[in-house]
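Biologist: I'm new to reading protein models, and I'd like some help. Could you walk me through one, feature by feature?

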Amino acid sequence: MIGTTVLASIVSLDGDSSTSYIITTTAMLPLFRRLGMNPLYAACVIMLAAGNMNLTPWGGPTARAASALHVDVNTLFVPLIPTMLACFGFAVFVAWVLGRRERARIGVADLPGLDDVAAPTGGMVDTVAPLPPERRPHLLYVNLGLTVALMACLLLGVLPLPVLFMIGFAIAIVINYPELAEQKRRIAAHAPNVLAVVSLIFAAGVFTGILSGTGMVDAMAKSVTAIIPEGGGQFIPLITALVSLPFTFLISNDAFYFGILPILAEAGAAYGHSAEAIGRASSSASRCTC
């Protein structure tokens, strides 16, 4: 159980929850079935780990909040690191409790030999087949070192997030694919996903620009501020967190972050709360809905 939690946390560093579920489940579900463990426990700890690690600067909530509020993503993210460490510790604790419960239920398991285990659904996996041509196993440690260096620069705030990623990407693609034709093929392979994200950012910018330029954000923020009781302004970040829980579950994340969050940030500014504080409250709370 603890290994499942740690694996899910590591895989979730890419900021994509679906990848975390697919990879971790594929790796751990056969082991859970072999030992007779409850697979729902695996789903529990994977969701705890993935939801926490999704707060990385390149993850969905933090990136959306930074874009909607026009703040630096590092300023938004770095104060969340202690919270993420605490959440990781809590996820490991939950995994330990569930693991102890399963060990007490299963007891001593009499496992058959490996040759007697039935093939998993979908057939056997050929581990002898050659790797895809785009893989670079001989550069594993080079890419690992580059990734660690990039993450260290992100946490230290050496440069803005987009600049760091552009530099890291340029170095990585030259090292792994020195030929120009090969670089074009790898970029084309990922172009559909990139274009979808870029289109979303442009559309969000247009939407928030219309709201701000026409004065609608200010008007709605004044309406929100008017209904807050006297002395309640200090709780604006808490209110934002509580509102984020149902809103990001009942409506789309984009609608909340680009339509509602700027209003809450404007209302918070009237009481002296920074946009970064409102963004951290919304992104942290929204991960609970996963």
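Biologist: Let's start somewhere specific: in which helix is I175 found?

Modeller: I175 is found in helix α8. Helices (H or I, at least four residues) and strands (E, at least two) are DSSP runs, numbered from the N terminus. Before we go on, this is a predicted model, where local features need pLDDT of at least 70, side-chain atom pairs count only at pLDDT 80 or more, and totals for chains, interfaces and linings use all residues. Residues are numbered from 1 along each chain as its sequence is written, and side-chain values use heavy atoms, with hydrogens and water left out.

Biologist: Okay, how many helices and strands does the protein chain have?

Modeller: The protein chain has 13 helices and zero strands.

Biologist: Back to I175, then. Why does it count as partly exposed?

Modeller: Buried means under 20% relative accessible area, exposed means over 50%, and partly exposed is in between (1.4 Å probe, protein chains only). I175 has a relative accessible area of 37%, so it is partly exposed. For the protein chain overall, 32% of the 290 residues count as buried.

Biologist: Which residues does I175 touch, if I skip those up to four places away in sequence?

Modeller: Contact means heavy atoms within 4.5 Å. With that rule, I175 touches L139 and V142. I175 and L139 are 36 residues apart in sequence, yet their C-alpha atoms are 8.6 Å apart in space.

Biologist: I've heard of nonpolar patches. Which residues make the one here?

Modeller: Patches are made of residues with over 30% relative accessible area and no salt bridge; like charges are joined within 9 Å, and nonpolar side chains (Val, Leu, Ile, Met, Phe, Trp, Tyr) within 5 Å. A salt bridge is a side-chain nitrogen of Lys or Arg within 4 Å of a carboxyl oxygen of Asp or Glu. Accessible areas come from the Shrake-Rupley method with a 1.4 Å probe, and for residues only the protein chains shown count as cover. Here V142, L156, V158, L159, V163, I167, I171 and I175 make a nonpolar surface patch of about 650 Å².

Biologist: Where does the largest share of that patch come from?

Modeller: From α8, which gives four residues. Both α7 (140-156) and α8 (161-176) supply at least two residues each. L159 sits in the loop between α7 and α8, and L159 is partly exposed because its relative accessibility is 33%.

Biologist: What is the general idea behind residues lining up on a helix?

Modeller: An α-helix has 3.6 residues a turn, so residues three or four places apart point the same way.

Biologist: And how far does α7 reach from its first C-alpha to its last?

Modeller: The expected span of a helix is 1.5 Å times one less than its number of residues. α7 has 17 residues and reaches 24 Å, close to the 24 Å expected. Just after α7, G157 takes a positive phi of about 70°.

Biologist: Is T5 buried or exposed?

Modeller: T5 counts as buried, because its relative accessibility is 0%. T5 lies in helix α1 (residues 2-11), and its contacts beyond four places in sequence are V45, A49, A91, V92 and A95.

Biologist: Last one: how many disulfides are there?

Modeller: A disulfide is a covalent bond between the sulfur atoms of two cysteines. The cut-off used is a pair of cysteine sulfur atoms within 2.5 Å, and a search of the whole structure finds zero disulfides. As for cysteines, C44 is partly exposed at 32%, and C153 is partly exposed at 26%.
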